[in-house]
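Trainee: I would like a close look at a single part of this model, taken slowly and with its surroundings kept in view. Could you walk me through it?

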Amino acid sequence: MDIRRKTTVLALSLALALLQGPSRAAVRASPRVQAGVSILAAAFLVAWAAEAGQKDISQALALAAVALITVIPEYAVDLYLAWMAGANPGSDYVHFATANMTGANRLLVGLGWPLVALLFWFKARRAISVG
């Protein structure tokens with residue numbers, strides 16, 4: 001990707017992120033649109049940072065950093081729900097914490113790992129021996 005395209009992507013990402021900032025007087029969008037634009041802008045910024053980081057660090061380390069950045073919000077929600085469940089044992093937070101943790105693990109084990117194996121198989125194009 002050339003420098004002009006990288007600069008354009010960065011400028012667009014920053015503009016989208018700034019639209020979601022505290023001064024939203026000129027922009028009257030629904031909260032769903034604002035959330036979608038914010039997520040899209042964050043994805044562009046993370047992708048740009050990972051690509052820029054590959055110039056100074058290895059690709060594997062940049063990928064690990066991106067993976068960590070993308071799962072930190074999930075762990076923050078888990079931590080909050082677990083903290084509130086511990087502080088209020090009889091509340092609905094106990095059920096929320098349990099559902100959130102089991103749901104995230106179910107997605108990871110049910111979709112994430114099989115996807116990694118499938119992508120490896122497509123790349124290698126050979127039989128995978130398990131065990």
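**A close look at helix H4**

Mentor: Ala104 is found in helix H4, and that residue is a convenient place to start, although the coordinates we are reading belong to a predicted model. With a relative accessible area of 26%, Ala104 is partly exposed, because buried would require a value under 20% and exposed a value over 50%. In sequence Ala104 and Tyr75 are 29 residues apart, yet their C-alpha atoms are 9.8 Å apart in space.

Before going further along H4, it helps to place the helix in the chain. The protein chain has four helices and zero strands, and its elements run α-α-α-α from the N terminus on. Of its 131 residues, 11% count as buried. H4 itself covers residues 93-124; it has 32 residues and reaches 45 Å from its first C-alpha to its last, which is close to the 46 Å expected at 1.5 Å a residue. Even so, H4 has a kink of about 30°, and that kink is centred on Leu108.

Helix H3, which spans residues 59-87, makes a useful companion to this description. Its 29 residues reach 42 Å from the first C-alpha to the last, close to the 42 Å expected at 1.5 Å a residue. H3 bends by about 30° at Val71, and a proline, Pro73, follows within four residues. The buried residues in H3 include Ala62, Val66, Leu81 and Met84, and Asp78 is also among them.

Asp78 deserves a pause, since its side chain leads us back to the residues of the last helix. Asp78 lies in H3, and it counts as buried because its relative accessibility is 11%, under the 20% cut-off. The side chains of Asp78 and Asn100 are joined by a polar contact of 2.5 Å.

Returning to H4, we can take Thr98, which is found in that helix. Thr98 is partly exposed, with a relative accessible area of 45%, and its side chain reaches the backbone oxygen of Val94 at 2.9 Å. An α-helix has 3.6 residues a turn, so residues three or four places apart point the same way. Thr98 can also be placed against Ala82: the two are 16 residues apart in sequence, and 8.3 Å separates them in space, C-alpha to C-alpha.

Further along H4 we come to Trp121. Trp121 is partly exposed, with a relative accessible area of 34%, and this value allows it to join a patch because patches are made of residues with over 30% relative accessible area and no salt bridge. The patch in question is a nonpolar one on the surface, formed by Leu115, Leu118, Leu119, Trp121 and Phe122, which together have about 460 Å² of accessible area. Just after H4, Arg125 takes a positive phi of about 55°.

For a last point of reference, consider helix H2, residues 31-53, whose 23 residues reach 32 Å from the first C-alpha to the last, close to the 33 Å expected at 1.5 Å a residue. The buried residues of H2 are Gln34, Ala41, Ala50 and Gly53.

To draw the part together, H4 carries a kink centred on Leu108, the side chain of Asn100 makes a polar contact with that of Asp78, and Trp121 belongs to a nonpolar patch on the surface.

Technical notes: Residues are numbered from 1 along each chain as its sequence is written. This is a predicted model: local features need pLDDT of at least 70, side-chain atom pairs count only at pLDDT 80 or more; totals for chains, interfaces and linings use all residues. Side-chain values use heavy atoms; hydrogens and water are left out. Patches are made of residues with over 30% relative accessible area and no salt bridge: like charges are joined within 9 Å, nonpolar side chains (Val, Leu, Ile, Met, Phe, Trp, Tyr) within 5 Å. Accessible areas come from the Shrake-Rupley method with a 1.4 Å probe; for residues, only the protein chains shown count as cover. A salt bridge is a side-chain nitrogen of Lys or Arg within 4 Å of a carboxyl oxygen of Asp or Glu. Helices (H or I, at least four residues) and strands (E, at least two) are DSSP runs, numbered from the N terminus. Buried means under 20% relative accessible area, exposed over 50%, partly exposed in between (1.4 Å probe, protein chains only). The expected span of a helix is 1.5 Å times one less than its number of residues. The bend at a residue is the angle between axes fitted to the seven residues ending there and the seven starting there. A polar contact is a pair of N or O atoms within 3.5 Å; within protein, one must be able to donate a hydrogen and the other to accept it, and residues adjacent in sequence count only if both atoms are side-chain atoms.
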